[in-house]
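Dear colleague,

I am handing over the structure we spoke about, and below it you will find some notes on its interior. Please keep the structure open while you read, so that you can find each residue as it comes up.

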Amino acid sequence: MSENPDLKPATLLAHGGRRSEDNGGDVAPRIHPSTNYARDENYRLINPAGSYSRDANPSYLPVEKLLARLEGGAEALLLASGMAAAAAVVQALRPGDHIVAQKVMYWGVRDWLIAFCADWGLGLDLADAADPAALAGAVKPGRTKLIWIETPCNPTWEVVDIAKAAEVTHKAGARLVVDSTVATPVHTRPIEHGADIVMHSATKSLNGHGDAVAGVLVAARADEFWARVRGNRALGGAVLGPFETWLLHRGLRTLHLRVERASANALTIARHFDGHAKLEAVLYPGLESHPGHAIAKNQMQGGFGAMMSFRVKGGAAAALKVAGRCQVFIRATSLGGTESLIEHRASVEGPSSPVPPDLLRLSIGIEDAGDLIADLELALAGV
Ligand SMILES: *Cc1c(COP(=O)(O)O)cnc(C)c1O
């Protein structure tokens, strides 16, 4: 069924992008724990994945094929985490190369980039990616090899115009990497807008159940740079285990439903709390008041994602009190799971964090929207 080019993402995902005929009739995916694969009497490999599980586990193949197809890319790679995916790309650069990255983005990637680039002789400039002129201004002609953006980005959910960023990137002769963890391929296909590589923390919505750490890269083209990235997985060794691969495959089968529901819940919640007496602001790209709304409407289909932030009147103390009073929302980090989460990012990121102290990050799950609204109303009533 997956050979039919007209099938829609919901159908591909529900089937896990695979045919049971190709899997000895199994309707559900298999796990392949074997580390090594035998050769036939003519010394030919029997298993199409290769000879050794660090190069590629057979469990990877249908998942990578599915993700490449969903993103409209040539090839996909599964890695041990989102951070391993980011590292595999950056480590394909050479000393002296220069990166332009987004000023406001997932702090783990930003802080790692700052430390890694300084230690390993790579140039790095941070720019406001929502402003294409600022992005272009940060380019070092001849040296800039990578532009790294995240959209919508943590924790303000600003939206970057991927097509405009791609124009700046390609004019500089560089590659555009888009961290699309929050959008998922259900809402945005960055390659269609000009991205060269799409990155996901599959720990989040792609797996969606908070029980596996995983990363994904999808390449628009399988070129020489991509071969270096692929080599970084095999020889750098940040491979995903077969069981995590199986969990990710299992999670992907409900991705479309989960993302649709979580995004619909998020829009309902954002609209309900927009202008609330206890809040300074609700940050959500689905709200017309959000600075990235016009681009989001153009770039995202079927919803605006499950992530939003509240800025609570009364600063850090009030924000922490609201989080503390929640009973349905779980006070925990991460995002994209079935359960709604609430997090005071400034507490988690520490004193160097640029996140305002009154900000609460909400990852909206697939619960009943009314229960979530009632929980937040009750929490806000107490401050
Ligand atoms: C979580 C996250 C990452 C890091 O991924 P891990 O799977 O935790 O290594 C990168 N980017 C974004 C947007 C994330 O949310």
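**Cavities and cores**

The second largest cavity holds about 40 Å³ of space, and this is a predicted model, which applies to everything that follows. R175, D196, I197, A219, R221, D223, F225 and W226 form the lining of this second largest cavity, and they divide into four nonpolar and four charged residues, with no polar ones.

In total there are three cavities of 30 Å³ or more, and the largest has a volume of about 130 Å³. Of the 18 residues that line the largest cavity, S205, V259, A262, A306 and G336 are the closest to its centre. Its lining consists of eight nonpolar residues, nine polar and one charged, and α10 gives the most to it, with four residues. Because domain 1 (9-252) and domain 2 (255-381) both give residues to this lining, the largest cavity lies between them.

The helix α10 (255-273) is also one of the elements that give two or more residues to the largest nonpolar core, where its six residues are the largest share. Of the 34 residues in that core, I269, F273, M308, F310, L362, I364 and L376 touch the most other members. If you would like one residue to start from, L376 touches I269, F273, F310, C326, F329, I342 and L362, leaving aside residues up to four places away in sequence. Apart from this core lies another, of 28 residues, including V90, L93, M105 and L122.

With best wishes

Methods:
Residues numbered from 1 in each chain as written. Predicted model: local features only at pLDDT ≥ 70, side-chain atom pairs only at ≥ 80, totals over all residues. Heavy atoms only, no water. Core = buried A, V, L, I, M, F, W, Y, C linked by side-chain atoms within 4.5 Å. Buried < 20%, exposed > 50% of the residue type's maximum accessible area, 1.4 Å probe, protein only. Contact = heavy atoms within 4.5 Å. 1 Å grid on protein atoms, 1.4 Å probe; cavity = no way out; pocket = protein on both sides within 12 Å on 5 of 7 lines; lining within 4 Å. Points joined across faces, edges and corners; volume = space filled by probe spheres on them. Nonpolar A, V, L, I, M, F, W, Y, C, P; charged D, E, K, R; others polar. Domains from an automatic or database assignment.
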